[in-house]
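Visitor: Could you walk me through a structure and show me how to read its features?
Guide: Gladly; let us look at it together.

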Protein chains: 2
Amino acid sequence: MEKLGLIAGAGGLPLEIVRACEAAERPVFVLRLLGLADPALTEQPGVDVGLAEWGKMFSALRRAGCRQICFAGGVPRPDFANLKPDLRGLASMPRVLAAARKGDDALLRQVMHEFEQEGFVVEGADTVITGLTIGDGPLGRIAPGEADAADVDQALRVARTLGSLDIGQAVVVANGLVLAVEAQEGTDAMLQRCADLPRALRSRGARAAGVLAKALKPIQDRRIDLPTIGPETIEAAARAGLVGIAGEAGSLLIVDRDRVIQTADDLGLFVVGVPSP
Amino acid sequence: MEKLGLIAGAGGLPLEIVRACEAAERPVFVLRLLGLADPALTEQPGVDVGLAEWGKMFSALRRAGCRQICFAGGVPRPDFANLKPDLRGLASMPRVLAAARKGDDALLRQVMHEFEQEGFVVEGADTVITGLTIGDGPLGRIAPGEADAADVDQALRVARTLGSLDIGQAVVVANGLVLAVEAQEGTDAMLQRCADLPRALRSRGARAAGVLAKALKPIQDRRIDLPTIGPETIEAAARAGLVGIAGEAGSLLIVDRDRVIQTADDLGLFVVGVPSP
């Protein structure tokens, strides 16, 4: 298999991709984004790069013989005024800044486009590793009940609408009421906010209620920034008193699947994939 | 003029309506919602009522000779399990609960409908007092610049879309990016969240950027829950580092207008009304 250039942001996904490539005997070269990539990735062939050192990235990938590349892991929206671009990064900056003003999705598209202009071919994380996304139905032992299933459907519908406006990927719905919507604060802060809401908004009689849904933005290129959950998402949802998490089958990335299932089963949450419309 | 039955929630709006009625020599009778209504309202003819004491409300309004009523002031979504309804409130509860499950707007519509079924006629706060809503153009001395005006347009557009999903009325946009969306946490908590976001997201070069927009939900009955701002909204927006506030001309209620203008001018924020589409 062709060598993969992995551009690694924060979280467990990049390492998971490296392990999957090892298992498949696919060679990998890692561009470790400074301050974001998991330190464990320094054991892999690769280099540390700043977010705007595009000249360094392009030449490192070429020297390593990578044409296929994959973006994986979280990258918070940068403070463009404090970026330290190299010459090649500087040349792209006006186009990147113009895109950034249109929203997160436009920004990511422009970054991908700049790499493609240099001859690189972008693979989605879910095509590098198969079986990384959620399937159709419950992931663990617990399945949503009827009332929860209505919240699942509504939460996914609202998430897709918000995504089409390039606002965010995540939303929490309980008993038909939208409790919280993710924008720039991210999923964890949104879940913390839900934990602070009155209990009555997150219950159905004596039982808990509330579903976190994460959905692909209908406008986004699915090769970058797929909606993602990991064990810590399950824990944060449990702290918020929610009963489950939902995503679109084939589009929600599950990082550290075994621990996700174990954590969800232990904490009594469902994690469910629903066919996208 | 016909006597007005004022159902008073939190904030300065109910008192402002009382003062306007006094000036117009219109008699008022106040149902002071327990734990919410401004204590200053106890000087007015009226009674204290719990949120679900509808029998008490209906008979008090009738005894006072009120047919016209007006809902004004904030009412947080209640914990229905802890409400203490009287017999009449209990009779309405199944219908109110069913509506509450569909969203805030459905809930408010049902409450209005229950009062109308009893023969009361609901007036909007903006028809009781004219000149309470924002007009077309800047309210104070400061007007939005060109780049800010683009944020104003986008923020209002996004707010209307969120409103059509019955999510919330408020949104913050900076440089074309949606920073935060209001759901059940309310406008103040959303603005606090913006204050916690990285500065770079709320600036344009060396200048500050970011606009709070509040818009009528396209689905809502405009006689209840009009989007509202007061002096404390201006202060919270300033703490969040925003440059201005926008609403739809004729639909955004300005509570304590003189202080709103003074505060905005002092803090350097614009407050602008834009014709609704």
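Guide: What follows is a short tour of an interface, a helix, two loop residues and a cavity, all in a predicted model.

Visitor: Let us begin with the interface. How many residues does each chain bring to the contact?
Guide: Chain A contributes 25 residues and chain B contributes 25 residues. Together they bury about 2,100 Å², and carbon and sulfur atoms give 71% of that area. On the side of chain A, Leu177(A), Gln184(A) and Arg193(A) supply 22% of the area it buries against chain B, more than any other three residues.

Visitor: And how many salt bridges are there across the interface of chain A and chain B?
Guide: The rule finds 2 of them. In a salt bridge between Glu185(A) and Arg193(B), the closest N and O atoms are 3.7 Å apart.

Visitor: Now a helix. How should I think about which way its residues point?
Guide: An α-helix has 3.6 residues a turn, so residues three or four places apart point the same way. Take helix H1 of chain B, residues 13-23. Its buried residues are Leu13(B), Pro14(B), Leu15(B), Ile17(B), Val18(B) and Cys21(B).

Visitor: What do the buried residues of H1(B) pack against?
Guide: Their partners in chain B are strand S1 (4-8), strand S2 (28-33), strand S4 (68-72), helix H5 (125-128) and strand S14 (253-254). Just after H1(B) comes Glu25(B), with a positive phi of about 55°.

Visitor: Which residue in chain A has a positive phi without being a glycine?
Guide: One to look at is Asn175(A), with phi near 50°. Asn175(A) sits in the loop between strand S7 (170-174) and strand S8 (177-181) of chain A. In chain B, Asn175(B) also has a positive phi, about 55°, although it is not a glycine. Asn175(B) lies in the loop between strand S7 (170-174) and strand S8 (177-181) of chain B.

Visitor: Is Asn175(A) buried or exposed?
Guide: Asn175(A) has a relative accessible area of 15%, so it counts as buried, the cut-off being under 20%. Asn175(B) is buried too, with a relative accessible area of 15%.

Visitor: Last, how do I find empty space inside a model?
Guide: Rolling a probe the size of a water molecule over the atoms shows where empty space is left. Here there is 1 cavity of 30 Å³ or more, and the largest cavity has a volume of about 40 Å³.

Visitor: Which residues line the largest cavity?
Guide: The lining is made of Asp104(A), Asp105(A), Leu108(A), Lys217(A), Gln220(A), Ile224(A) and Asp225(A). By class, that is 2 nonpolar, 1 polar and 4 charged residues.

Conventions
Residues are numbered from 1 along each chain as its sequence is written. Chains are lettered from A and ligands numbered from 1 in the order in which they are written. This is a predicted model: local features need pLDDT of at least 70, side-chain atom pairs count only at pLDDT 80 or more; totals for chains, interfaces and linings use all residues. Side-chain values use heavy atoms; hydrogens and water are left out. Helices (H or I, at least four residues) and strands (E, at least two) are DSSP runs, numbered from the N terminus. Buried means under 20% relative accessible area, exposed over 50%, partly exposed in between (1.4 Å probe, protein chains only). On a 1 Å grid over the protein atoms alone, a cavity is a set of points where a 1.4 Å probe fits but cannot get out, and a pocket is an open set with protein on both sides within 12 Å along at least five of seven lines; lining residues have an atom within 4 Å of a point. Grid points are joined across faces, edges and corners, and a volume is the space filled by probe spheres set on the points. Ala, Val, Leu, Ile, Met, Phe, Trp, Tyr, Cys and Pro count as nonpolar, Asp, Glu, Lys and Arg as charged, and the others, Gly among them, as polar. Contact means heavy atoms within 4.5 Å. Buried area is the accessible area (1.4 Å probe) that two parts lose on being put together, summed over both. A salt bridge is a side-chain nitrogen of Lys or Arg within 4 Å of a carboxyl oxygen of Asp or Glu.
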